[in-house]
Amino acid sequence: AVTAACLAVRKESYEAVGGLDEEAFSIAYNDVDFCLKLSAAGYRNLITPHATLIHDESVSRSENEQTKEQKIRANQEIANLLSKWGRVLARDPYYNVNLTIESEDSGFGVPRRL
């Protein structure tokens with residue numbers, strides 16, 4: 001999955017999988033969900049090592065999880081993602097088996113559980 005900030009997709013492909021799910025993922029993870037829907041439909045995510053992108057995460061909006069309501073929404077979106085894609089995410093065929101999924105820094109040297 002790639003961030004929607006640098007995502008390019010044909011309109012026909014976007015529409016074929018129903019686009020972004022703004023109900024289940026109003027702020028976060030809609031791009032992850034979208035890429036996983038594309039993959040499930042037989043499309044592939046392709047990258048180029050020749051592109052240089054700069055992405056200032058959430059620079060155009062305030063911090064995502066400041067208030068109690070925002071934290072509840074964020075936790076619900078995580079739950080929505082895991083409910084829908086948990087089995088796929090737990091066994092990502094493209095994730096290096098020598099890295100962990102237990103922390104955001106990938107935990108070099110700590111193999112993930114299979």
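This is a short selection-by-selection tour of a predicted model.

**Whole chain**

Start with the chain in cartoon view. Three helices are assigned, and the number of strands is zero. Read from the N terminus, the order of elements is α-α-α. Now colour by accessibility: of the 114 residues, 23% count as buried. The exposed surface of the chain comes to about 9,000 Å², and carbon and sulfur atoms supply 52% of that area. If you build a contact map, take the contacts with a separation of 6 or more; 49% of them are between residues 24 or more positions apart.

**The nonpolar core**

Next, select Ala24, Phe25, Leu36, Leu81 and Trp85, and show their side chains. These five residues form the largest nonpolar core of the model. In soluble globular proteins, nonpolar side chains tend to be buried together. Keep Ala24 selected and expand the selection to its contacts. With neighbours within four places in sequence left aside, Ala24 touches Glu77 and Asn80.

**Asp31**

Move to helix 2, which covers residues 30–40, and pick Asp31 within it. Is Asp31 buried or exposed? Asp31 is buried, because its relative accessible area is 13%, below the 20% limit for that class. What does the side chain of Asp31 meet there? One partner is Thr3: a polar contact of 3.5 Å joins the two side chains. Another is the backbone of Ala4, whose nitrogen lies 3.0 Å from a polar atom of the Asp31 side chain. Widen the selection to every contact of Asp31, again without neighbours within four places in sequence, and the list reads Val2, Thr3, Ala4 and Leu20.

**The cysteines**

Finally, select Cys6 and Cys35 and display the sulfur atoms. How many disulfides does a search of the whole structure find? The search returns zero. Cys6 is in no disulfide, and its nearest cysteine sulfur, in Cys35, is 8.7 Å away. For Cys35 the nearest cysteine sulfur is that of Cys6, at 8.7 Å, and Cys35 is likewise in no disulfide. A disulfide would need the two sulfur atoms within 2.5 Å, so the 8.7 Å between Cys6 and Cys35 rules one out for this pair.

Switch to a surface view to look at the setting of each cysteine. Cys6 is partly exposed, with a relative accessible area of 38%. Cys35 counts as buried, because its relative accessibility is 1%.

Definitions and conventions. Residues numbered from 1 in each chain as written. Predicted model: local features only at pLDDT ≥ 70, side-chain atom pairs only at ≥ 80, totals over all residues. Heavy atoms only, no water. Core = buried A, V, L, I, M, F, W, Y, C linked by side-chain atoms within 4.5 Å. Buried < 20%, exposed > 50% of the residue type's maximum accessible area, 1.4 Å probe, protein only. Contact = heavy atoms within 4.5 Å. Helix = DSSP H or I, 4+ residues; strand = E, 2+ residues; numbered from the N terminus. Polar contact = N/O pair within 3.5 Å; in protein donor to acceptor, adjacent residues only side chain to side chain. Areas by Shrake-Rupley, 256 points an atom, 1.4 Å probe, with all protein chains shown as cover.
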